[in-house]
Amino acid sequence: MNLTLKPGKLLSTIQIPGSKSYANRLLILASLKKVPVTLAALPQASDVTQLVEALSVLGLQMEKHQD
């Protein structure tokens with residue numbers, strides 16, 4: 001598959017399906033944005049929490065909410 005991607009306006013609040021794979025991919029994409037992004041309903045799986053910790057160690061600033 002070949003894709004040509006052009007910059008566009010992405011949502012800054014995203015509802016995550018229960019998939020750990022989606023959550024990890026969206027965490028990485030969100031870390032690349034230049035504006036704050038809210039990811040809601042992240043799964044509490046160990047690989048998701050480990051990626052959150054790794055991104056934090058790399059310097060990404062995050063606020064955890066218990067909404």
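The exercises below work through a predicted model of one protein chain.

**Exercise 1. Determine how many helices and strands the chain has, and in what pattern they follow one another.**

Step 1. Counting elements gives 2 helices and 2 strands.
Step 2. Reading along the sequence gives the pattern β-α-β-α.
Step 3. Residue ranges can then be attached: β1 covers 13–15, α1 covers 20–32 and α2 covers 46–57, and β2 covers 38–40.

**Exercise 2. State what the confidence of the model is, and where along the chain it is lowest and highest.**

Step 1. For the chain, the mean pLDDT is 85, and 93% of the residues reach 70 or more.
Step 2. By element, confidence is lowest in β1, with a mean of 70.
Step 3. The highest value belongs to α2, at 94.
Step 4. A caution applies to reading such models: coordinates predicted with low pLDDT should not be read in detail.

**Exercise 3. Describe the overall extent, surface and charge placement of the chain.**

Step 1. Along the principal axes, the C-alpha atoms fill a box of roughly 35 × 25 × 25 Å.
Step 2. The chain exposes about 5,900 Å², and carbon and sulfur atoms supply 56% of that area.
Step 3. Of the 67 residues, 19% are buried.
Step 4. For charges, take the mean position of the 7 positive ones and that of the 4 negative ones; these two points are 15 Å apart.
Step 5. For contacts with a separation of 6 or more, 57% join residues 24 or more positions apart.

**Exercise 4. Identify which residues form the largest nonpolar core, and which elements give two or more residues to it.**

Step 1. The largest nonpolar core has 10 residues; among them are Ala23, Leu26, Leu27 and Ala30.
Step 2. The core also includes Leu39 and Ala45, as well as Val48, Leu51, Val52 and Leu55.
Step 3. Two or more residues of this core come from each of α1 and α2.

**Exercise 5. Decide whether asparagine 24 is buried or exposed, and list its contacts beyond its sequence neighbours.**

Step 1. Asparagine 24 is located in helix α1.
Step 2. Its relative accessible area is 16%. The cut-off for buried is under 20%, so asparagine 24 is buried.
Step 3. With neighbours within four places in sequence set aside, asparagine 24 contacts Asp47, Val48 and Leu51.
Step 4. Two of these partners, Val48 and Leu51, are also listed in the largest nonpolar core.

**Exercise 6. Classify threonine 4, leucine 5, alanine 41 and glutamine 44 by accessibility, and place each in the chain.**

Step 1. The cut-off for exposed is over 50%, with partly exposed lying between that and the buried range.
Step 2. Threonine 4 sits in the segment before β1; at 70% relative accessibility, threonine 4 is therefore exposed. Its C-alpha lies 23 Å from that of asparagine 24, which is 20 residues away in sequence.
Step 3. Leucine 5 is in the segment before β1, and a relative accessible area of 75% makes leucine 5 exposed. From its C-alpha to that of alanine 54, 49 residues along the chain, the distance is 27 Å.
Step 4. Alanine 41 belongs to the loop between β2 and α2. At 49% it counts as partly exposed. Although not a glycine, alanine 41 has a positive phi of about 60°.
Step 5. Glutamine 44 is in the loop between β2 and α2, and its 72% relative accessibility makes it exposed. Glutamine 44 and leucine 32 are 12 residues apart in sequence, with 22 Å between their C-alpha atoms.

Conventions: Residues are numbered from 1 along each chain as its sequence is written. This is a predicted model: local features need pLDDT of at least 70, side-chain atom pairs count only at pLDDT 80 or more; totals for chains, interfaces and linings use all residues. Side-chain values use heavy atoms; hydrogens and water are left out. Helices (H or I, at least four residues) and strands (E, at least two) are DSSP runs, numbered from the N terminus. Buried means under 20% relative accessible area, exposed over 50%, partly exposed in between (1.4 Å probe, protein chains only). Contact means heavy atoms within 4.5 Å. Accessible areas come from the Shrake-Rupley method with a 1.4 Å probe; for residues, only the protein chains shown count as cover. Lys and Arg count as positive and Asp and Glu as negative; His and the chain ends are not counted. The place of a charge is taken as NZ of Lys, CZ of Arg, CG of Asp or CD of Glu. A nonpolar core is a set of buried Ala, Val, Leu, Ile, Met, Phe, Trp, Tyr and Cys residues joined through side-chain atoms within 4.5 Å. pLDDT is the predictor's confidence in each residue, from 0 to 100.
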